[in-house]
Amino acid sequence: MTNTKRATAAAIGMIGALMTSQARAESAGGADAEIALLKQQLKLMEQKLDKLQKQTAANTSAAANANAKATEAQAKVDLRPAGVAGANAAYVKGPFGPPPDAVVHMTNNRPTICTTDEQNCVSITSRVHFDAGGYDYHPNTAGTVPQKLDNGVNTRRARIGILGKFFGDWNYALIYDFGGTADGFGGTGSFGAAPGVGGTSIGFLPGGATSGIENAFLSYTGFKPFGGKLAIEGGIMDVPYTLDEATSSNDIVFMERASSGVIAQNIAAGDFRSTFGARWYTDRVWLGAYATGPTTGAIHSASSLNPNGTTEQVGAIARAAAQIVSGNDYSFHLGGDAEWLIRAPRNEITGAQTLTLSDRPELRLDPTALNSTGALAGVSGAQVYSVEAAGTYGPLYAQGEYFWYNVDRNNNPVPLPSTKFTGGYLQASYVLTGESRKYNPASASYGGIVPNNPFALTGQDWGAWEIGGRVSMMDLNNQLGTANGVAGGKQLVYTVALNWYVNRNVRFMFDFLHGDVAKQVSQTNFGDVGAKFNAFAMRTQVAF
């Protein structure tokens with residue numbers, strides 16, 4: 001009940017009481033003095049009632065003014081962009097609080113903090129790929145090396161880092177990999193003896209050497225010539241060379257990339273690589289070129305004796321790709337790649353310049369390479385040329401690449417003829433639940449599967465399911481039967497896969513491999529030292 005109503009009720013009660021008293025007075029004799037007193041009291045009550053009404057009106061007006069000011073302040077807050085207002089809803093304590101100077105996003109469950117104008121951001125990123133499995137390995141003869149492969153588990157990748165941008169156009173990344181095996185790494189340390197006399201190898205993790213910096217680069221994207229976007233970048237990068245490498249390891253169909261691509265990337269590209277270059281792209285066309293150096297963890301000392309000091313290698317890559325056809329549920333991609341090892345690293349103690357082409361059998365549970373050229377001596381340079389193609393048709397995806405390798409050996413006392421190798425793969429996958437892979441113009445590659453219905457125990461949602469198959473060939477034999485030939489072996493691997501995408505951040509992968517490595521003792525000794533194997537492995541993947 002308001003103050004006005006209370007005052008009115010009280011006044012009415014007093015008037016009634018006075019009238020009753022007046023009536024009784026008249027009936028008692030109608031004393032004039034008593035009547036006059038009662039009239040005076042009534043007049044005083046009317047004055048008090050009027051005063052109360054004025055005070056109530058003033059209070060009501062003040063409250064209305066305060067509400068109007070609050071409404072105006074809230075309207076100013078609501079004039080901010082919808083995305084900013086929504087992101088800051090948790091921080092607004094009242095209509096008079098100052099607007100925050102940062103907003104928080106969780107796009108794809110990646111924690112990101114940005115200024116309100118979205119021009120400066122920093123994100124936390126991470127991925128864990130944990131593998132388990134085993135081999136059914138059969139060496140062809142007692143001369144085969146190795147005689148067995150190890151079963152077990154391996155933290156293939158364990159990366160954490162930050163991504164960000166400054167003033168809209170400056171982008172950066174710093175990512176460290178704590179994983180147990182990283183492509184391109186090898187043991188380089190030893191102790192306990194002089195060079196050439198022996199020593200004990202040191203197995204640094206991850207994968208060897210002493211550094212696991214996978215990305216540490218700066219990129220500028222302020223230029224937008226010819227209707228496209230230009231990125232000028234340098235530092236330690238995952239160089240976007242080949243279609244398979246341009247596809248994130250979070251999105252590849254199989255647990256490991258094909259050996260032909262890995263061998264090419266390890267010459268002068270791939271992960272953990274120092275580089276500087278640029279890429280220009282539109283929605284349909286991608287062009288890029290980069291100068292490259294050694295990987296992180298490579299020896300930088302020219303005077304080290306154990307291990308031997310080396311000069312740093314110099315290389316370069318170029319790639320051109322385009323979406324030739326693109327529609328709502330179909331696309332076709334075509335491209336070409338080139339890679340040059342301009343200067344091979346030189347051992348400062350022995351003077352040797354060598355290059356080894358090798359890869360593990362498309363699985364990393366055991367790091368042993370079955371297919372390898374060994375150290376090719378006198379290497380003055382190398383070149384790799386390749387073609388790539390891929391396409392989608394609804395939930396169907398297909399991809400393939402083919403490589404031609406050439407290694408020049410002109411730094412020997414008597415120059416040797418160049419060696420030539422070939423390799424390639426063809427793969428296809430089909431998403432049983434109907435999702436499809438989307439094209440990423442910035443990398444000229446296809447992304448992963450995002451389930452339409454993420455797995456949930458409370459309903460009938462089971463995520464996305466994908467099946468895939470691949471055939472891969474790598475021939476590291478050349479000029480067999482001659483003294484200058486190379487008997488690295490020919491590896492053929494068939495892989496089938498089943499992938500369960502629980503949600504956009506969690507995936508389980510199951511791969512079965514059958515491999516055959518045809519290999520002879522040496523370029524002039526045709527004795528069989530090959531092997532056959534079957535392998536089964538699974539991966540638990542978490543990434544954001």
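This is a short talk on strand pairing, salt bridges, one covered helix and a nonpolar surface patch in a single structure. One thing up front: the model is predicted.

Let's start with the strands.

Take strand β3, residues 121–139. What does β3 pair with? One partner is strand β2, residues 112–114, and the pairing is antiparallel over three bridges. T112 sits opposite S123 of β3. The two strands make a hairpin, and six residues lie between them. Look at E118 in that turn: its phi is positive, about 65°.

β3 also pairs with strand β4, residues 152–166. That pairing is antiparallel too, and it runs over 13 bridges. For a landmark, find D131, which stands opposite N154 in β4.

Then comes strand β24, residues 531–543. It pairs with β3 in the antiparallel sense, over 13 bridges. Here the landmark is G133, whose bridge partner in β24 is A537.

Keep D131 in mind. We will meet that residue again in the salt bridges.

Now move along the chain to β12 and β13. β12 spans 314–326 and β13 spans 330–343. They are antiparallel, with twelve bridges. A316 faces W340 of β13 across the pairing. This is a hairpin as well, with three residues between the strands.

β13 has another partner, β16. Again the sense is antiparallel, and again there are twelve bridges. G336 is opposite V387 in β16.

Next, charges.

How many salt bridges does the structure hold? The count is 15. I'll go through three pairs and a network.

Pair one is E233 with R279, at 2.8 Å from N to O. E233 is in strand β9, residues 229–237, and R279 is in strand β10, residues 273–281. The two are 46 residues apart in sequence, so this salt bridge ties together separate parts of the chain. Are these side chains buried or exposed? The cut-off for buried is under 20% relative accessible area. E233 comes in at 2%, so it counts as buried. R279 comes in at 18%, so R279 is buried as well.

Pair two is R319 with E388, at 2.9 Å, N to O. R319 belongs to strand β12, and E388 to strand β16, residues 381–393. That links distant parts of the chain, 69 residues apart. Both residues are buried. Remember that β12 pairs with β13, and β13 pairs with β16.

Pair three is E466 with R437, where the closest N and O atoms are 3.0 Å apart. E466 is in strand β21, residues 464–478. R437 is in a loop, the one between β18 (416–431) and β19 (439–440). They are 29 residues apart in sequence, so here a strand and a loop are tied together. E466 and R437 are both buried.

Now the network. Which residues does it link? D131, R156, E256, D359, R364 and R539 are joined by salt bridges. There is D131 again, the residue opposite N154.

On to a helix.

α5 covers residues 259–268. How many of its ten residues are buried? Nine of them are, so to speak of the helix as mostly covered is fair. The buried set is S259, S260, G261, V262, I263, A264, Q265, I267 and A268. After α5 comes G270, with a positive phi near 80°.

Last stop: the surface.

There is a nonpolar patch here, with about 990 Å² of accessible area in all. Its members are I324, V325, Y330, F332, L334, Y393, L396, Y430, L432, I467 and L498. Which elements give two or more residues? They are β12 and β13. β13 has the largest share, with three residues. These are the two strands of the hairpin we saw earlier.

L498 is one of the patch members. It lies in strand β22, residues 486–501. Why is L498 called partly exposed? Its relative accessible area is 31%, and partly exposed runs between the buried limit of 20% and the exposed limit of 50%.

To close, go back to β12. It gives residues to the surface patch, and it also holds R319, which is buried. So much for the tour.

Terms used: Residues numbered from 1 in each chain as written. Predicted model: local features only at pLDDT ≥ 70, side-chain atom pairs only at ≥ 80, totals over all residues. Heavy atoms only, no water. Patch = residues over 30% accessible without salt bridge, like charges linked within 9 Å, V, L, I, M, F, W, Y side chains within 5 Å. Areas by Shrake-Rupley, 256 points an atom, 1.4 Å probe, with all protein chains shown as cover. Salt bridge = Lys/Arg side-chain N within 4 Å of Asp/Glu carboxyl O. Helix = DSSP H or I, 4+ residues; strand = E, 2+ residues; numbered from the N terminus. Buried < 20%, exposed > 50% of the residue type's maximum accessible area, 1.4 Å probe, protein only. Pairing = 2+ DSSP bridges.
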